[in-house]
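Thanks for coming, everyone. Please take a moment with the sequence and the structure before I walk you through a helix contact and the pockets.

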Amino acid sequence: MKIGLTYDLQDWYLARGYTLEETAEFDRVDTIEGIESALASLGHETERVGNAFELVEALAAGRRWDMVFNIAEGLRGPGREALVPALLDAYRIPYTFSDPLVLALTLDKAACKRVVRDLGLPTPDFAVVREPADLAAVRLPFPLFAKPCTEGTGKGISGASRVETPEALREICLDLLSRFRQPVLVETYLPGREFTVGLAGTGSRARSLGCMEVVFLERAEAGAYTYLNKKDFENRVEYRPARCADARAAEELALAAWRGLGCRDAGRIDIRLDADGRPSFIEVNPLAGINPIISDLVILCGMNTISYQDLIGMIMDSARERLAGSPAC
């Protein structure tokens with residue numbers, strides 16, 4: 001197959017004046033090279049396309065592909081992850097990973113938690129602060145946890161995200177509202193173990209690729225997988241394969257959420273245990289990082305004897321299986 005590659009290359013944006021924090025979710029060139037190499041080893045021809053701006057130019061120029069391997073995160077707005085898939089849908093070009101509806105829903109953490117709650121799955125109680133006046137309506141017991149509603153890669157999450165007083169909650173919410181210019185999700189803080197579950201497949205064919213515990217070391221910001229803890233994970237975090245009863249419960253919850261939300265092909269779901277040791281849904285990443293070395297999903301797969309090439313092959317197999325059963329993209 002001729003596979004187009006859509007992605008947001010961090011260097012492309014840095015060269016145009018964007019900051020490291022603004023581009024934190026975007027990919028390095030070795031990620032694109034890794035995907036190209038894996039797809040080539042599977043017998044596919046690849047062609048780099050790039051971000052949404054470059055995709056628009058390519059489509060207007062008449063370039064087409066049998067499938068697009070899409071990892072583009074997008075730049076602006078709560079629909080940014082949905083933009084490339086929506087464009088590809090318009091041109092009836094099939095692509096990997098989830099559709100625009102799922103990507104827009106899951107990027108909005110509050111909207112996603114509402115759906116997860118409606119599925120009957122456990123997730124911490126929460127409130128949404130859209131402006132300072134909303135703080136008076138937050139009736140949740142402390143400690144609480146505050147983070148931007150529509151960011152990834154831990155952006156906006158720090159050691160100050162866990163708060164124990166109304167004054168601290170107000171301070172962090174005002175800071176996040178000012179810096180990120182989007183609503184703040186405030187939820188009950190869960191003090192238990194943190195797991196991330198890798199998933200592959202779609203619908204009834206979806207399955208767990210394994211479970212990994214995120215353990216925070218002495219140098220880590222306490223209590224959460226923060227932006228700095230992720231950025232400096234070699235010194236702040238230890239990843240451990242998890243196969244205990246807690247991990248199996250986390251995998252069952254993650255798989256139910258993955259299927260219920262309609263996620264496709266591959267991704268990750270983060271789970272935390274509450275004070276009583278019960279697992280709760282935290283958030284889903286249907287466009288999980290797939291750098292061959294440093295991405296959580298790839299590390300998790302390595303713990304479970306799944307090579308990088310095998311992971312890319314599973315993603316392609318899932319995309320082809322669902323496309324074979326549907327006339328639409």
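In helix 5, Leu105, Thr106 and Leu107 meet Lys109, Ala111, Cys112 and Val115 of helix 6, where contact means heavy atoms within 4.5 Å, and helices are DSSP runs of H or I with at least four residues, strands being runs of E with at least two, numbered from the N terminus. By class, the residues of this contact are five nonpolar, one polar and one charged, with Ala, Val, Leu, Ile, Met, Phe, Trp, Tyr, Cys and Pro counted as nonpolar, Asp, Glu, Lys and Arg as charged, and the others, Gly among them, as polar.

I should say that this is a predicted model, in which local features need pLDDT of at least 70 and side-chain atom pairs count only at pLDDT 80 or more, while totals for chains, interfaces and linings use all residues. Residues are numbered from 1 along each chain as its sequence is written, and side-chain values use heavy atoms, with hydrogens and water left out.

Turning to the pockets, the largest has a volume of about 990 Å³; a pocket here is an open set of points on a 1 Å grid over the protein atoms alone, where a 1.4 Å probe fits, with protein on both sides within 12 Å along at least five of seven lines, and lining residues have an atom within 4 Å of a point. The volume is the space filled by probe spheres set on the points, which are joined across faces, edges and corners. Of its 39 lining residues, Ala24, Glu25, Thr153, Gly289 and Ser295 are the closest to the centre, and the lining has 16 nonpolar, nine polar and 14 charged residues. Helix 5 supplies at least two residues of that lining, as does strand 11 (266-273).

The second largest pocket holds about 450 Å³ of space, and among its 20 lining residues Leu75, Glu151, Lys155, Phe180 and Gln182 lie nearest the centre.
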